[in-house]
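This note is offered to a colleague who is reading the model alongside its sequence. Please consider the points in order.

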Amino acid sequence: MGNQVMPREQLGICAEGNLHSVYLMFNALDGVEEQLRPSIANVAQYIYELTDQYADSAFNGFVGIGANFWDTFYPQARPALLKPFPAMNEGNRDAPAIEYDIFVHIRCDRYDILHLVANEINQMFEDLVELVDEERGFRFMDSRDLTGFVDGTENPKGRHRQEVALVGNEDAEFTSGSYVHVQKYKHNLSKWHRLPLKKQENIYGRTKVDDIEYASEDKPLTSHTKRVNLKDDQGQSLEILRQSMPYGSIKEQGLVFISVCRTPEHFEKMLRSMVHGDAHGNHDHLMLFTKALTGSSFFVPSLDFLTQFDD
Ligand code: HEM
């Protein structure tokens with residue numbers, strides 16, 4: 001890359017895990033694009049500055065633009081691979097699409113700061129958007145999903161997170177941006193807890209308490225890690241960076257699954273493998289215990305891309 005200056009990424013894309021998160025899904029009101037562009041720039045800049053101010057509490061976040069809203073937001077150019085959420089369905093396995101115009105993702109190790117900032121951001125968007133959905137995520141035990149299994153172990157680490165998550169020179173105007181998919185999964189925990197430990201472990205292809213990966217030959221073809229561990233024609237692993245967190249209350253709880261990646265194709269192939277399975281119909285048995293309620297596709301441009309619209 002030589003001495004070329006890279007655009008600054010929005011820092012929540014590659015950040016390490018936090019204790020708390022807030023997810024705000026907005027739709028734009030009609031005809032407000034001119035005012036909304038600088039507002040989005042201000043919100044992204046504000047989040048970027050708070051990352052320094054609240055570094056002690058590991059604050060971070062990003063603002064994403066919905067695939068269906070992109071052309072309204074910025075008609076001049078579109079990220080090369082941006083497309084709507086790849087909805088799919090087979091049998092009882094459903095991955096529906098529910099798109100939103102703007103996704104604000106903020107995380108912190110202090111809940112009070114997040115609450116304050118979420119209110120502030122909502123205020124900054126006043127009269128321009130409708131808040132359509134809001135969820136709050138939390139770290140459960142030692143970074144476990146609510147099914148009790150550690151989630152995130154095989155995520156890319158260190159600088160490799162950037163290589164996996166951020167667009168490079170292949171799409172010059174959108175370098176340092178990221179393709180983001182979000183699915184809110186509602187778990188059926190009473191059904192899950194009736195399953196004996198060994199059967200739960202077989203569903204992930206990992207042990208529960210110690211989080212040890214099964215040997216490849218011991219993983220059932222229907223296990224989650226078998227279904228999502230995919231390779232390209234050259235034998236290279238298809239990778240995504242997962243930024244998921246548990247969410248919810250007694251009434252409805254599960255996982256806000258978030259994939260960030262330099263291409264949307266890896267997520268789509270993995271989801272296809274979970275829902276449709278392999279050539280022999282081996283689909284992901286995790287889906288017998290959880291249900292995707294939403295599915296949305298965003299592009300999260302670099303901070304420098306967004307702030308060109310600053311007031
Ligand atoms: C691995 C949970 C949905 C992609 C894992 C692991 C857990 C987990 C516990 C093993 C530990 C780890 O490496 O993180 C869940 C739950 C989901 C869900 C509870 C939904 C309710 C998805 C979806 C995708 C996905 C929708 C992609 C389309 C992956 C990948 C790995 C993984 C790539 C790493 C596999 C490996 O290299 O071994 N997931 N997951 N997951 N999951 Fe998921």
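The points below take up the basis of the model, one strand and its partners, the ligand shell and one helix.

1. The model is predicted: local features require pLDDT of at least 70, side-chain atom pairs count only at pLDDT 80 or more, and totals for chains, interfaces and linings use all residues. Residue numbers start from 1 along each chain as its sequence is written.

2. Strand S10 spans residues 253–261, and eight of its nine residues are buried. Helices (H or I, at least four residues) and strands (E, at least two) are DSSP runs, numbered from the N terminus. A residue is termed buried if 20 or more other C-beta atoms lie within 10 Å of its own, exposed if 12 or fewer, and partly exposed in between, with C-beta atoms placed from the backbone.

3. Strands are said to pair if DSSP finds at least two bridges between them. S7 (residues 178–187) pairs with S10 in the antiparallel sense over eight bridges, with His 181 opposite Ser 259 of S10.

4. Two further strands pair with S10 in the antiparallel sense: S8 (residues 241–242) over two bridges and S9 (residues 245–248) over four bridges. Leu 241 stands opposite Val 260 in S10, and Met 245 stands opposite Val 256 in S10. The connection from S9 to S10 is a hairpin of four residues.

5. S10 also contributes to the ligand shell: S7, helix H7 (224–228), S10 and helix H8 (265–275) each supply at least two of its residues. There are 24 residues around the ligand, of which Phe 149, Thr 153, Glu 154, Tyr 185 and Met 270 come nearest; a residue is near if its C-beta atom, placed from the backbone, lies within 6 Å.

6. By residue class, the shell around the ligand holds 11 nonpolar, nine polar and four charged residues. Here Ala, Val, Leu, Ile, Met, Phe, Trp, Tyr, Cys and Pro count as nonpolar, Asp, Glu, Lys and Arg as charged, and the others, Gly among them, as polar.

7. Which residues of helix H3 are buried? They are Leu 114, Val 117 and Ile 121. Seen down the axis of H3, its buried residues fall within an arc of 70 degrees, so they line one face of the helix; the arc is taken from the directions from the axis to the C-beta atoms. On the other side of H3, Asp 112, Asn 119, Glu 120 and Gln 123 are exposed.

8. The buried residues of H3 pack against strand S1 (20–28), helix H1 (33–53) and strand S5 (102–108), where contact requires C-beta atoms, placed from the backbone, within 7 Å.

Notes
Two residues are in contact if their C-beta atoms, placed from the backbone, lie within 7 Å.
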